[in-house]
Amino acid sequence: KGLPPPAFVAQTQMTLGNVISRPKLTAQLLVKPPFHFLHAVLCEVVRATGFGEGLYTPEELNAKLMLHRPLRMLFLAKFLALINAALGQQF
């Protein structure tokens, strides 16, 4: 504690903060993001931009149903695969 946050925190707050207004992009959450924070951020990016629209089932978009680790890992793997495909990289 007491150390300044990594540089990516301010960059993420400035760039992603221009796209979404919630959830709050605090340094603490960005440095060590819990799954529910990542879920909320990714769902909000989809809602705000349309990027990844149709990627998830309605059940996957419901954070209350994402209780088990395999479901969470699949949710994150889908988004990583989408990002890699958009960047022209293999996952």
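## Nonpolar cores

In this predicted model, the largest nonpolar core is built from eight residues: F35, L42, C43, V46, Y56, M66, F75 and F79. Two elements, α3 (35–49) and α5 (69–86), each give two or more residues to this core. The largest share comes from α3, with four residues.

Take V46 as a way in: leaving aside residues up to four places away in sequence, V46 touches F51, G52, E53 and F79. There's also another core lying apart from the largest one, with seven residues, including I20, L25, L30 and F37.

## A network around E44

Searching the whole structure turns up three salt bridges. R22, E44 and R47 are linked in a network of them. R22 pairs with E44 at 3.6 Å, N to O. R22 sits in the loop between α1 (7–16) and α2 (27–31) while E44 belongs to helix α3, so this bridge ties together parts that are 22 residues apart in sequence.

R47 also bridges to E44, with the closest N and O atoms 2.5 Å apart. This one stays inside helix α3: R47 and E44 are three residues apart, or about one helical turn. As for accessibility, E44 is buried at 5% relative accessible area, whereas R22 is exposed at 53% and R47 is exposed at 56%.

## The K78–E60 bridge

Over in helix α5, K78 meets E60 of helix α4 (residues 58–61), linking distant parts of the chain that are 18 residues apart. Their side chains form a salt bridge of 2.9 Å, N to O. Here K78 is partly exposed, with a relative accessible area of 23%, and E60 is buried at 10%.

Definitions and conventions
Residues numbered from 1 in each chain as written. Predicted model: local features only at pLDDT ≥ 70, side-chain atom pairs only at ≥ 80, totals over all residues. Heavy atoms only, no water. Core = buried A, V, L, I, M, F, W, Y, C linked by side-chain atoms within 4.5 Å. Buried < 20%, exposed > 50% of the residue type's maximum accessible area, 1.4 Å probe, protein only. Contact = heavy atoms within 4.5 Å. Salt bridge = Lys/Arg side-chain N within 4 Å of Asp/Glu carboxyl O.
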